[in-house]
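Today I am looking at how helices and strands sit against one another. I will keep my notes short and friendly, one topic at a time.

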Amino acid sequence: MRFAIKRHRSHSLIRNGRLAPFAVLSAVLLAFSIVLSQTPAVAQQSDIFAVAAFPVDETAANEVKAKEQAVSQGSLQALQMLLQRLTLEQDWPRLPTVGQDRIDNYIRGISFANEKIGGGRYLADVTYRFVPEAVRKLLTDASIPYSETESRPMVVVPVMQISDGALLWDEGNTWLSGWVEAELPAGLLPIVVPLGDLADVAAIGVRQALGGEPEALGRIAAKYGAGGVLVAVARPGQVQGGGESLDVRVSAYGPGWDGTSFSQSYTSSGATEQLPFYKAAAESISRSLLVQWKEANLIRFGEGTQSLQVFVPVSGLRDWLSVRDRLAQVATVRDTVIGRLSMTEAEVDIRYIGDLSRLQLALSQQKLSLAQDPLDGRWRLTTTP
């Protein structure tokens with residue numbers, strides 16, 4: 001650990017009963033060094049490696065045996081759910097399996113809720129937390145690419161275009177109702193469906209949504225604590241044979257999503273109820289978005305750790321601690337090493353997996369921006385609003 005602190009001429013540290021400015025500077029720099037030496041920036045793991053509230057139900061000779069079997073079998077199934085969460089569906093047939101004799105090597109912790117016991121039967125919702133390093137190695141050894149970068153939540157704004165206009169918060173917007181009813185996939189891409197209350201109406205209108213107006217998008221995202229907005233515009237129609245069609249265009253706004261848009265079309269065979277049809281379309285779109293996110297953040301077999309020297313502008317200890325904590329949440333960052341520290345800037349070596357563009361995308365989800373200064377060529381890491 002290296003620190004570049006300028007030497008000063010001798011000063012009295014106390015003047016009129018108060019610390020002199022140099023003493024304050026020295027005390028702050030000392031606090032920096034103490035915090036950095038005592039709390040290294042080791043990446044903290046989010047709940048992406050946890051399978052929460054997994055339902056188990058087992059019957060055996062007695063309740064103790066039933067619980068043992070339920071938790072054991074549940075751990076194997078939960079691990080497979082986790083592997084599917086991190087990988088592309090096309091690779092699921094190649095996912096490795098872990099025997100009952102080895103599953104303990106992958107489990108970091110187990111917690112229970114809603115336990116019911118009686119008559120030799122055990123029911124509960126079990127949360128399994130897995131060891132990230134062990135899961136990564138399992139996939140790497142099988143040569144299966146995976147992603148563990150979690151997007152900040154995205155709030156969906158469903159607009160339905162009809163012959164005489166467009167609907168958003170209106171009562172007849174069945175497209176919005178379809179999103180409310182949809183079972184959205186959990187994992188790397190959390191999608192939030194708005195309530196459609198008065199605050200939503202005030203935040204964004206149908207014309208603002210269609211026009212991608214930044215201020216309105218920012219208001220609806222801020223209300224739900226989201227990192228961005230998905231404007232999903234659906235145009236219903238009819239097909240021969242009495243079926244219905246739905247043409248959908250999705251435009252994504254937010255860090256890591258700007259410029260992302262795609263279209264999908266759906267048709268129903270024969271007469272069908274509108275709400276279930278729209279619900280299925282919403283679920284299909286959410287899966288497509290999840291695939292796009294995974295593909296943009298895949299870590300492939302053989303990719304080693306790279307290092308990048310970055311400079312972080314800081315105005316005090318609190319600034320650096322905020323950046324350090326955000327870095328610790330970036331899945332592709334494996335380690336950070338402080339090289340030099342002053343009152344205005346920290347020099348940090350970031351060791352990461354993957355390429356630079358994926359690092360920038362992952363950082364953006366923690367409100368961090370990594371860009372190269374065109375004047376001096378140095379990489380600077382700054383916080384974003």
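**Two helices.** I looked up how α2 passes α3 and found a right-handed crossing (right-handed means the near helix is turned clockwise from the far one by less than a right angle, left-handed means anticlockwise). Leu79, Leu82, Leu83 and Leu86 of α2 make the contact with Val135, Leu138 and Leu139 of α3; contact means heavy atoms within 4.5 Å. By class, I noted seven nonpolar, no polar and no charged residues in this contact of α2 with α3 (Ala, Val, Leu, Ile, Met, Phe, Trp, Tyr, Cys and Pro count as nonpolar, Asp, Glu, Lys and Arg as charged, and the others, Gly among them, as polar).

Helix α2 covers residues 63–86 and helix α3 residues 132–141; they pack at an angle of about 70°, with their axes 12 Å apart. Axes are lines fitted to C-alpha atoms, for helices over the stretch in contact, and angles run from 0 to 180 degrees between N-to-C directions. I therefore call α2 and α3 roughly perpendicular to each other (65 to 115 degrees; under 35 is roughly parallel, over 145 roughly antiparallel, the rest oblique).

**Where my labels come from.** The model is predicted, with local features needing pLDDT of at least 70 and side-chain atom pairs counting only at pLDDT 80 or more, while totals for chains, interfaces and linings use all residues. Residues are numbered from 1 along each chain as its sequence is written, and side-chain values use heavy atoms, leaving out hydrogens and water. Helices (H or I, at least four residues) and strands (E, at least two) are DSSP runs, numbered from the N terminus.

**The sheet beside α2.** Which order do the three strands of this open sheet take? I read β3-β5-β4, with antiparallel pairing; two strands pair if DSSP finds at least two bridges between them. The edge strands, each pairing on one side only, are β3 (50–59) and β4 (107–118). Nine bridges join β4 to β5 (residues 121–130), and Ala113 stands opposite Asp125 in β5. I then found α2 again: it packs on this sheet, touching β3, β4 and β5, and its direction makes about 140° with that of β3.

**A second sheet.** Here five strands form an open sheet in the order β13-β14-β12-β16-β15, and the pairing is mixed. I could see the mix at β12: nine bridges join β12 to β14, which run antiparallel, whereas two bridges join β12 to β16, which run parallel. Leu308 stands opposite Ile350 in β14, and Val310 stands opposite Trp379 in β16.
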